[in-house]
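Please look over the sequence and the model below, and then follow the text from the surface to the interior and on to a single residue.

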Amino acid sequence: MASSQQLSGLRELNGIGERVACRLVEHFGSEDAALQVILEGDITSLSEVNGVSRTFALSLARDARARAAGCAISDFLKTKEALDLYSRLLELIKTFAHTPHARDKLDLFYPFPASRMDLIQERRAFVEDYLELADVLSADTAFLNLLSSVKKLRPIPGNLRVRDRIVLSGDRKTLNAAKERFQAFLPVQAVENFSEFIDLARGYPSVIVFDDTYLSFDLPEGLEPEFFQDPSKAEFWQILPEVELAFFVRNLDCILACLNITSILRASGFDFFEELSEEYLEILKTALLKVGENGKLAEGFDPELDRLEAALQILDPVLTSALNEANQHMNRTLEASSLTLTGQELIKLVSGGMEIKDLLAKELHRVYKGEIEAVKEELAEKLNFQKQEKLMLDVLFSDEIAYPLRAEQAQLQLLRQKLNMSLEKARLSRKRELAKVLSTFRKPVERLVREVLDFDLGFSIACFAAQFRLKMPETVSEAGIGFEEGENLFLKARYGEIDPVSYSVGKTSFSPKGLENRVVLLSGVNSGGKTSLLELLAQCVVLGHMGFPVPAKELELGPVEEFYYFGKSKGTLDAGAFETTLKQFSVLSEASGKLVLADELESITEPGASARIIAGILEYLSRSEESLGVFVSHLSELILENTGTDIRVDGIEAKGLDSSLELIVNRNPIYNRVARSTPELIVERLLRKTTGKEQEFYAHLKDKFKN
């Protein structure tokens with residue numbers, strides 16, 4: 001077993017050559033950054049590198065983890081079938097993960113040999129912290145949905161540009177400093193003279209300057225550049241609040257979910273992310289609720305912004321409606337009006353001191369003026385204008401009588417511009433206020449999201465344990481594995497409720513007195529559950545050595561240094577494959593504690609030779625006081641004839657047929673009993689299910705069992 005190694009470079013890892021190393025450095029910015037991503041097991045980020053597949057990324061992460069721990073996955077899982085069974089277990093556990101982060105990280109959890117009990121205990125302590133919490137929250141759909149919305153934080157988009165703001169400078173040194181900090185996000189422009197300054201400034205709602213080169217001049221009305229002392233000292237939230245807000249906009253759902261998760265965990269008595277107090281959590285939540293889509297501020301949180309936005313939106317329809325109504329009213333007034341002259345007006349008219357058109361204009365102006373005032377009052381009321389904004393309405397209509405009534409288009413456009421400028425200034429001011437608050441939370445939020453993702457790793461394992469009612473195993477000092485009411489996870493996941501099984505091999509409190517054999521043959525009925533029991537034993541050992549709970553009501557587990565699993569062969573092996581299989585058993589000569597589980601190994605060659613080979617393997621396995629072995633076989637009696645070693649044979653027996661003609665099987669092995677296969681019962685089932693000539697055939701076969 002390798003000792004712990006401190007990695008100092010990418011090329012120390014298997015599979016990383018010059019080309020891959022260069023790609024990793026280019027993608028992550030430096031060799032140290034790339035190495036850190038690998039050490040953290042960030043498989044998703046590694047998979048984003050050109051030419052790095054997910055399989056290769058996982059291999060790199062496992063290699064780094066193995067070097068850091070001084071223990072690789074192959075130190076415990078010694079056969080392909082053992083690795084396959086572990087992979088199936090892992091895929092089952094990963095179905096309980098709520099985040100891609102947890103699914104990726106679970107790939108780095110593998111079983112450790114007993115000699116690394118320190119790592120096993122460390123893993124157990126990690127998992128145990130979550131078990132009680134999962135009992136409470138694993139069925140809480142709302143909480144699980146929150147967890148599922150948590151993802152790796154997305155960076156600020158590289159193409160983010162602020163187009164309504166410009167930085168202008170007449171000083172070369174100041175200009176260069178401003179470009180270095182801000183040009184990636186907004187225009188930074190040099191100006192050679194005051195005229196150029198004015199021309200450029202008029203093209204943007206917001207103008208920022210860091211030097212006073214042109215501020216001593218008289219600026220045109222409406223042009224109000226903002227002055228900041230030093231581009232290197234200006235806060236980002238002051239110059240570019242959109243950039244600060246963009247991080248929170250892109251990750252809003254994730255961050256809010258994390259805050260709600262934190263509150264739920266704390267309410268459940270789980271001390272979580274104490275870096276943020278309840279007071280700061282509420283401040284952050286309140287601020288985030290003001291963040292709208294695309295960096296805009298959410299509606300309803302700032303009355304002034306909402307007022308100005310509404311005024312701009314309804315200006316045209318309100319004006320059109322008011323003018324239509326005023327024109328109709330003016331038309332009706334003029335149609336119903338009559339001209340009454342005073343005596344003096346009559347004298348002036350007769351004497352030529354006044355013309356009739358002047359008299360008519362005077363009367364028409366009075367009506368016109370009244371309608372214009374009514375329109376302005378309606379506009380001011382419906383647009384919710386303030387005092388200064390009401391003054392802008394005075395120039396919206398000409399003093400010259402015009403019918404029908406209409407607004408001056410140049411003045412209307414100027415009104416829109418002024419309203420829009422007021423809105424942009426107010427919006428920028430609020431963005432800055434919000435960005436200032438949120439900027440203080442940027443780093444804590446990044447740490448919070450990482451903690452929630454890491455929480456899901458432990459919580460997902462605990463949810464898996466809660467679903468299958470798993471229990472932490474008890475560690476015993478001598479070679480043995482014994483359990484009460486164990487349930488094969490693969491069967492339980494597929495069928496739901498299944499028959500639990502109790503069984504023991506080696507020295508545990510579950511072993512019958514005098515039957516503490518470490519090497520066992522398991523015999524019994526076809527389809528009786530021998531393979532399922534072997535899988536259950538394997539599941540318990542693998543999970544136990546991962547530091548995870550196991551699928552049994554109670555379980556005692558002795559030290560296992562290496563785990564060998566041999567599944568059923570799909571037919572007699574050729575000479576080469578047969579030789580390879582035998583070579584795998586040659587390690588039994590080594591002294592370290594091993595667990596060997598083999599399913600119908602006799603199929604590797606003809607029965608007579610198989611019995612002798614299995615007998616020899618069992619004899620060798622029995623020599624080690626630290627090793628265990630369970631071999632499923634239909635050749636138990638033949639194997640016993642070929643060995644002088646005390647080997648226990650346990651049996652899974654069928655009792656008969658039920659009313660549906662299905663085998664009645666006791667899934668719990670009977671210790672120290674050779675269980676016969678049940679061809680007679682199978683023949684009887686076929687006999688009872690058929691008629692005619694076919695039934696006569698099965699009756700003839702059944703008679704053969706009477707001899």
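In this predicted model, Y280 is placed in helix 14, which covers residues 278-288. Its relative accessible area is 43%, so Y280 counts as partly exposed, a class that lies between the limits of 20% and 50%. On the surface, Y280 joins I283 and V437 in a nonpolar patch, and together these residues have about 240 Å² of accessible area.

From this patch we turn to the interior. In soluble globular proteins, nonpolar side chains tend to be buried together. Here the largest nonpolar core has 142 residues, of which F455, F459 and F563 touch the most other members. Helix 20, residues 442-467, supplies the largest share of this core, with 13 residues. Apart from this core lies another one, made up of 23 residues that include L24, V37, A57 and A64. As for the surroundings of F563, when residues up to four places away in sequence are not counted, F563 touches F76, L77, K78, T79, A82, A538, V542, L595 and L597.

The last stop is S627, which is found in the loop between helix 24 (607-623) and strand 12 (628-632). Is S627 buried or exposed? S627 counts as buried because its relative accessibility is 2%, and the limit for this class is under 20%. The side chain of S627 reaches the backbone nitrogen of K594 at 3.1 Å. Leaving aside neighbours within four places in sequence, the contacts of S627 are with A479, R518, S592, G593, K594 and L621, so K594 appears both in this list and as the partner of the S627 side chain.

Notes
Residues are numbered from 1 along each chain as its sequence is written. This is a predicted model: local features need pLDDT of at least 70, side-chain atom pairs count only at pLDDT 80 or more; totals for chains, interfaces and linings use all residues. Side-chain values use heavy atoms; hydrogens and water are left out. Helices (H or I, at least four residues) and strands (E, at least two) are DSSP runs, numbered from the N terminus. Buried means under 20% relative accessible area, exposed over 50%, partly exposed in between (1.4 Å probe, protein chains only). A polar contact is a pair of N or O atoms within 3.5 Å; within protein, one must be able to donate a hydrogen and the other to accept it, and residues adjacent in sequence count only if both atoms are side-chain atoms. Contact means heavy atoms within 4.5 Å. Patches are made of residues with over 30% relative accessible area and no salt bridge: like charges are joined within 9 Å, nonpolar side chains (Val, Leu, Ile, Met, Phe, Trp, Tyr) within 5 Å. Accessible areas come from the Shrake-Rupley method with a 1.4 Å probe; for residues, only the protein chains shown count as cover. A salt bridge is a side-chain nitrogen of Lys or Arg within 4 Å of a carboxyl oxygen of Asp or Glu. A nonpolar core is a set of buried Ala, Val, Leu, Ile, Met, Phe, Trp, Tyr and Cys residues joined through side-chain atoms within 4.5 Å.
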